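This report describes a model with several chains, moving from single residues to contacts between chains and then to strands. Please keep the sequence and the structure in view while reading.

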Amino acid sequence: MTSLSPEVAADRISRRQGLILVAPAALWTVAFFLLPVLSILGLSLYAMEGGKVGTDLTLANYQRFAEQGYFWQSLLNSLLLTAVVTAASLALAFPLAATIAFRVPPHLQRLCLMLAVLPFWTSYVVRSYAWLLVLAPNGVINQTLLGLGLIDTPLVLSFNFAATVLGFVHFFTMLATLTIYASLARINPRLLLAARDLGASGRQVFWRIVLPLAVPGLAAGAFLIIVVVMGDYVTPQILGGNNDLVLPQTIMMQIQRRGDVPMAAALSVIMMVVVAAAYLALARKLTADRA
Amino acid sequence: MPQRSDLSIRNASKHFGPTRAVDDLSLDIPANTYVVLLGASGSGKTTLLSILGGFTAPTQGQILLAGQDITLMPPARRPTATVFQDYALFPHMTVAQNVGFGLSVRHLAKPQIAAKVTAALEMVGLAGFGPRRISEASGGQRQRIALARALVTEPAILLLDEPLGALDLNLRRQMQDELRSLQRREGRTFVHVTHDQEEAMAVADLIVIMNHGRIEDHGPPERVYAQPRTRFAASFMGDSTILPAAFGPDHADTPLGRLPTRPMGGSAVAIRPESVLLTEGEGTLPLGLLTVTERVFQGAFARITGRIGDTDLRLRCPPADAPAPGATVPVHLARNGAAGLAD
Amino acid sequence: MRRTALTLAILLPMLAFIYLPVLTLVLFSLHDGRVPVPPFQGPTLEWYGRILANPRITSATLASIGVATLSAALSVTLALLAGWGLARHSVPGRKWVEAAILMPLTVSYLVVGLGLMVSYSGLIPKSLPLVVIGHVVLNLPLAFAILYVQFDRDQARLEMAARDLGATEAQVFWRITVPTLKIALIAAFALCFTFSWDEFIVAFLLSGFDPTLPVVIWGLLRTGLDPQTNAAGTLVFLVSVTFALIVELFLLRRRNAAKV
């Protein structure tokens with residue numbers, strides 16, 4: 001028997017203990033996440049033949065995606081929706097986060113932030129329904145405008161693209177406020193003093209110090225928005241109705257109406273690819289420069 | 001060319017609620033002076049620096065630079081530049097972008113900025129570091145980058161807030177020498193805040209000892225050390241023995257006898273440990289027999305604590321000469337060894 | 001004064017936008033009328049009475065509580081063990097394991113639900129246990145992210161001190177690790193509970209004949225605007241907010257405690 005060096009022996013014990021502790025979480029992730037995702041990938045390579053999943057590997061589902069405007073259009077709608085929601089949410093969240101971080105007295109900031117994001121904790125089903133109440137033909141907004149005499153007939157505010165955008169923007173303004181605030185609160189206030197001291201104007205301080213240092217928070221917010229907006233079925237279904245379908249709606253349509261799970265799988269793969277691309281594009285911006 | 005820049009603080013006060021961080025403080029600083037504001041935390045030294053930099057508006061009083069009132073001038077336009085305590089380097093910029101920031105926001109031409117940045121980095125011994133990221137710089141390098149960034153804007157006054165606090169002892173000593181020679185070469189006024197009395201003595205032309213928002217003493221380091229004005233100044237700089245005293249015109253009566261000194265208005269004298277000698281010499285005065293209670297070896301010297309009668313007294317001597325605890329030795333006061341204090 | 005005015009000029013309209021739908025929801029759950037639209041009449045608790053008497057809603061509520069409790073407990077347990085193992089032991093390929101555990105964060109809930117549906121439909125029937133499995137997949141990375149950062153050097157020193165004083169690994173775990181992480185564990189549990197409680201699409205795809213509360217509310221939406229839906233939605237919201245406040249209070253208390 002060869003004797004091990006104490007270092008190697010200790011290392012083996014540590015490894016074994018570590019693996020035992022990590023195993024449950026790792027196995028759970030492999031069995032209930034990686035395997036299902038690979039199943040989706042696999043299933044997307046089979047096509048429905050006469051009401052059953054066929055036996056031959058084929059790219060038919062992807063071909064259908066490429067050829068049929070219906071699928072294409074839903075991807076484009078998803079991309080457009082994601083772009084508009086991301087831009088609008090960040091544009092609204094930034095001033096809110098900056099106001100809380102720089103103008104609200106420090107001891108009130110946490111309270112203020114908590115207040116600003118409390119409705120975030122609503123089920124997305126409930127939140128979308130709540131917007132429906134506000135936007136309905138006889139809902140709060142229309143009744144108010146009618147009462148004020150600003151309009152004569154109710155405006156069509158729900159069941160369209162704009163309503164979906166509004167529902168998402170409402171949710172993500174709160175989320176992005178959290179991520180952007182986290183970035184802004186970490187800025188050393190002396191950096192702003194130093195910039196002023198070196199002659200920078202308020203505008204220069206903002207564009208050259210504050211905004212670049214908020215990039216990790218903006219990128220984190222953008223990424224979370226992209227993941228959810230690309231994949232959410234509920235908000236577009238409740239607020240957008242059946243107009244301008246987005247990718248998750250066509251996926252659900254394939255499952256529920258057509259029973260074509262392989263096509264749904266192929267569309268899901270396309271969705272994952274888009275999100276992965278967004279991640280790769282934003283990954284470098286997610287970490288802050290730390291001096 | 002360095003401009004003529006006498007700095008004058010007139011009756012400046014800063015109140016935070018009931019606290020007087022700076023309390024009716026006046027001080028004149030001649031051009032080309034290395035000033036150190038020395039004090040414990042809470043003494044008001046940092047608030048005073050902040051008032052000079054334009055980050056804090058004084059509650060009362062005026063700041064004049066070369067005769068011009070700059071009290072309300074914003075930091076961006078003020079001919080001062082600050083080296084912040086943690087340097088406040090912009091983490092998302094390179095070293096060169098940091099140093100060039102003050103020029104860039106004033107819209108200088110790019111080649112001009114590049115030339116000045118190169119020269120500034122050379123001046124602080126960081127030639128060639130321009131393209132590096134801040135996160136790659138060590139503590140000492142960051143210190144120099146912050147210096148270069150402030151000096152490149154050619155301020156009349158450079159303000160340094162505990163600039164060496166984050167550095168280890170050796171680096172701190174080295175940077176003290178460099179700051180000193182930089183100030184000489186540049187010919188600007190440096191105002192340097194620290195709580196470290198050794199650092200203050202190493203760099204200063206003028207030491208200002210602060211306590212409770214007021215000046216306890218100010219003057220050249222040698223004078224402030226040897227002849228502290230107040231009880232606070234005496235105990236803050238080194239470990240003096242402080243004796244109660246009744247003053248005559250040129251002497252003070254203390255528990256150790258009549259000591260030659262000038263009255264400063266208070267009722268105590270301070271004796272530095274190195275002014276208490278184990279041997280007689282020219283102009284010395286016998287203090288009596290000291291019973292040694294403690295001996296601590298400190299490298300270059302030994303610190304002796306003992307008593308004469310009921311009076312505790314500290315002294316320093318070469319380790320080889322140090323008497324052991326329990327020994328009784330005659331001690332003498334060096335010429336001008338006792339300093340009368342104001343209260 | 002101008003500063004405060006400007007601050008309020010930004011804050012108040014934003015808060016109005018953020019609270020408009022929630023306040024409308026809550027207000028009209030008390031509406032004395034068949035359609036929850038202005039002008040408001042009431043208040044009445046009739047709709048709350050009706051939904052609490054509706055067996056579909058009560059059984060879905062119980063299902064949701066069960067799923068949320070179980071999935072949160074499982075997520076936190078797995079995350080705690082994995083965090084401890086990765087932080088304290090030399091696990092081979094640590095970076096990859098970390099990345100794998102966090103990966104579900106980057107995938108849509110829809111994909112997770114669909115994946116479980118296609119890969120386990122033959123083995124496990126659509127049921128609440130399958131929903132629990134799905135929710136653990138969604139929440140494990142969150143719980144892991146919260147707990148993993150807690151295993152810092154101070155925490156390691158406490159554990160080392162305990163070992164030095166003779167504690168076995170199990171004693172270290174139960175008497176040092178778990179108590180010192182108590183606050184983070186509670187926060188992680190509350191967060192996982194809320195996410196599971198609110199989650200729809202995975203539950204919709206996997207719950208079969210035992211729907212959770214969001215799935216039942218989804219069904220109610222077919223009938224259009226209905227004060228009963230407002231009442232059910234308000235109850236869901238209040239539960240979520242309660243747990244969110246627990247998260248906030250515990251994380252806040254921790255931060256204040258750290259300052260002392």
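In what follows, a residue is called buried if 20 or more other C-beta atoms lie within 10 Å of its own, exposed if 12 or fewer do, and partly exposed in between. The model is a predicted one, and every value below was computed from it.

**Two residues by their surroundings**

C:L225 belongs to the loop that lies between α11 (213-220) and α12 (227-259) of chain C. Is C:L225 buried, exposed or partly exposed? Because 18 other C-beta atoms are found within 10 Å, C:L225 is partly exposed. When residues up to four places away in sequence are left out, C:L225 touches A:L132, A:L133 and A:A136 of chain A, together with C:V35, C:P36 and C:V37 of its own chain. A:W72, in contrast, is part of helix α3 (residues 69-102) of chain A, and this tryptophan counts as exposed because it has 12 C-beta neighbours inside 10 Å.

Each of these residues can also be paired with one that is distant along its chain, as the table shows.

| Pair | Separation in sequence | C-alpha to C-alpha distance |
|---|---|---|
| C:L225 and C:R34 | 191 residues | 8.8 Å |
| A:W72 and A:V246 | 174 residues | 9.8 Å |

**Chain C and its neighbours**

Chain C contains twelve helices and zero strands, so that, by the DSSP runs on which these elements rest, its pattern along the sequence is an unbroken series of α elements. Its C-alpha atoms fill a box of roughly 70 × 65 × 30 Å along the principal axes, and buried residues make up 48% of its 260 residues. Of the contacts in chain C with a separation of 6 or more, 75% are between residues 24 or more positions apart.

Which chains share the most contacts? Among the two pairs of chains that touch, chains A and C have the most, whereas chain B and chain C are joined by no contact, and their closest C-alpha atoms lie 17 Å apart. The contact between chains A and C takes 68 residues from chain A and 67 residues from chain C. On the side of chain A that touches chain C, helix α1 (residues 6-43) of chain A supplies the largest share, with 21 residues. The residues of that side divide into 48 nonpolar, 15 polar and five charged.

**Strands of chain B**

Chain B holds an open sheet of three strands in the order β11-β15-β21, paired in the antiparallel sense. Why do β11 (241-244) and β21 (338-341) of chain B each have one side without a neighbour in the sheet? Both stand at the edges and have a single partner strand, so one side of each is left free of a neighbour. From one strand to the next, the twist averages 30°. Strand β15 (residues 268-271) of chain B runs antiparallel to β11(B) and is joined to it by four bridges, and B:I242 stands opposite B:A270 in β15(B).

A parallel pairing is found as well: β6(B) and strand β7 (residues 157-161) of chain B pair over four bridges, with B:T82 opposite B:L159 in β7(B). From strand β6 (residues 80-83) of chain B, B:T80 and B:T82 point one way while B:A81 and B:V83 point the other way, and all are buried. In general, strands of a sheet pair through backbone hydrogen bonds, in either the parallel or the antiparallel sense.

Terms used:
Residues are numbered from 1 along each chain as its sequence is written. Chains are lettered from A and ligands numbered from 1 in the order in which they are written. This is a predicted model: local features need pLDDT of at least 70, side-chain atom pairs count only at pLDDT 80 or more; totals for chains, interfaces and linings use all residues. Two strands pair if DSSP finds at least two bridges between them. Helices (H or I, at least four residues) and strands (E, at least two) are DSSP runs, numbered from the N terminus. Axes are lines fitted to C-alpha atoms, for helices over the stretch in contact, and angles run from 0 to 180 degrees between N-to-C directions. Two residues are in contact if their C-beta atoms, placed from the backbone, lie within 7 Å. Ala, Val, Leu, Ile, Met, Phe, Trp, Tyr, Cys and Pro count as nonpolar, Asp, Glu, Lys and Arg as charged, and the others, Gly among them, as polar.
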